[in-house]
Amino acid sequence: MSNQILKEQWVQWLDQLAEKEFVLIDNFLPLNILQSLEELFEKVYQKDDFNPAKVGSSYHEKRIDEIRSDSIYWLDKTQHSSIALFFELIHEMMQEISEFLFLSLQGYEFHFANYPQGGYYKAHLDQFKERNNRMISVVIYLNKNWENGMGGELKIHGENELLIEPIYNRAVIFRSDTILHEVLPTQFERKSLTGWLLKRPSDIGVLNY
Ligand code: OGA
Ligand code: NI
C-alpha cells in the first residue's frame, strides 16, 4: 500500500516529536478522511451514543467529575468501515514512528471526544500506572470556526510550555509517558478525535497487572 503522506513529511514531524516530545501539525488529515470522520462524529452525536469519560485503566476506572468532563465514543475498525482510510493512515503513522523512534508499536485505540460548554480535563499523563502500554498520544481537532479566546486550549506543561487552540484539522502528537497536559475549560462545545499508539494490544494488559 502506498503512503498517504510523504516519507519526508513524516521524517520532519517525527524529528520534532523526538526532540521536543510533542509535535503540532496544522492541516493534518487529507480532506476526504477528515470528512468521513466528521460524518461519523455527527451520526454518533445524533444517536446520542457518547458516554461520560472515565479516569484510569479499565481496572480502576471511575468517573471523577473534578478531573474530566468530556464524553467519548470508542471507534472500532471492524464496525466503522466508512473511516477505513483513517485507520490506514494511523497504520502508516505507526510504521513510521516504529521505524524512526525505534518503538515496537503493535496496536492503537481511538475515540471521539466531546467537551460540553465548561468542559475540561485537568493536568495528567496519558500513560496509566496500571496499564503502561500507551506510548504515543494523538489528538485531532474537529472544530470549524474556532477562534482564539474561546477557551478549551490544550496546555502542554514543562519546559516547552504551550497553549494550543483546538482548531480544525490541527493534530498534536506527543509522548504518552512524559508529556503532562490538560484541557483548559472551554466556553463552547469542543470536538476532537483522540487516540493512542500502543506497545501491546490492550486486551493483554492484565498480564502486566
Ligand atoms: C486526553 C487528552 C487532549 C485534548 O483525552 O487524554 O488529554 O486536547 N485530550 O483533547
Ligand atoms: Ni490526555
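Mentor: A nonpolar core is a set of buried Ala, Val, Leu, Ile, Met, Phe, Trp, Tyr and Cys residues joined through side-chain atoms within 4.5 Å; buried denotes under 20% relative accessible area, exposed over 50%, and partly exposed the range in between (1.4 Å probe, protein chains only). The model is predicted, local features require pLDDT of at least 70, side-chain atom pairs count only at pLDDT 80 or more, and totals for chains, interfaces and linings use all residues. Residues are numbered from 1 along each chain as its sequence is written, chains are lettered from A and ligands numbered from 1 in the order written, and side-chain values use heavy atoms, without hydrogens and water.

Trainee: Which helix supplies the largest share of the largest nonpolar core?

Mentor: This core has 38 residues, and Phe 28, Leu 29, Leu 75, Phe 86, Met 93 and Phe 112 have the most contacts inside it. Elements that each give at least two residues include helix H1 (7–20), helix H2 (31–46) and strand S4 (107–115); helices (H or I, at least four residues) and strands (E, at least two) are DSSP runs numbered from the N terminus. The largest share, seven residues, comes from H3.

Trainee: How many residues form the second, separate core?

Mentor: Tyr 141, Leu 154, Ile 164 and Phe 174 are among its members. The count for this second core is nine residues.

Trainee: How many helices and strands does the protein have, and what percentage of its residues is buried?

Mentor: Along the sequence the pattern is α-β-α-β-β-α-β-β-β-β-β-β-β-β. That pattern comprises three helices and eleven strands. Of the 209 residues, the buried share is 47%.

Trainee: What relative accessible area does Leu 37 have, and how far is its C-alpha from that of Ser 82?

Mentor: Leu 37 belongs to helix H2 and is buried, with a relative accessible area of 0%. Beyond its neighbours within four places in sequence, Leu 37 is in contact (heavy atoms within 4.5 Å) with Leu 29, Ile 83, Phe 86, Phe 112 and Leu 193. Ser 82 is 45 residues away in sequence, while the C-alpha to C-alpha distance is 8.2 Å.

Trainee: Which residue forms a salt bridge with Lys 7 and is exposed, with a relative accessible area of 51%?

Mentor: A salt bridge is a side-chain nitrogen of Lys or Arg within 4 Å of a carboxyl oxygen of Asp or Glu, and Lys 7, Glu 96 and Glu 99 are linked in a network of such bridges. Lys 7 meets Glu 96 at 3.2 Å, N to O; Glu 96 lies in helix H3 and Lys 7 in helix H1, so this pair ties together parts 89 residues apart in sequence. Glu 96 is buried at 7%, and Lys 7 is partly exposed at 33%. The exposed residue, with 51% relative accessible area, is Glu 99.

Trainee: Which strands are tied together by Glu 109 and Arg 134?

Mentor: The two side chains meet in a salt bridge of 2.8 Å, N to O, and both residues are buried. The pair ties together parts that are 25 residues apart in sequence, since Glu 109 and Arg 134 lie in S4 and S6.

Trainee: What spacing do the donors of the nickel ion (ligand 2) follow along the chain?

Mentor: Donors are N, O and S atoms within 2.8 Å of the metal (3.2 Å for Na, K and Ca); water is not among the atoms, so sites may look incomplete. The protein donors are His 124 (NE2), Asp 126 (OD) and His 181 (NE2), lying 2.0 to 2.1 Å from the ion. His 124 counts as buried at 12% relative accessibility, as does Asp 126 at 6%. The spacing of the donors is H-x1-D-x54-H.
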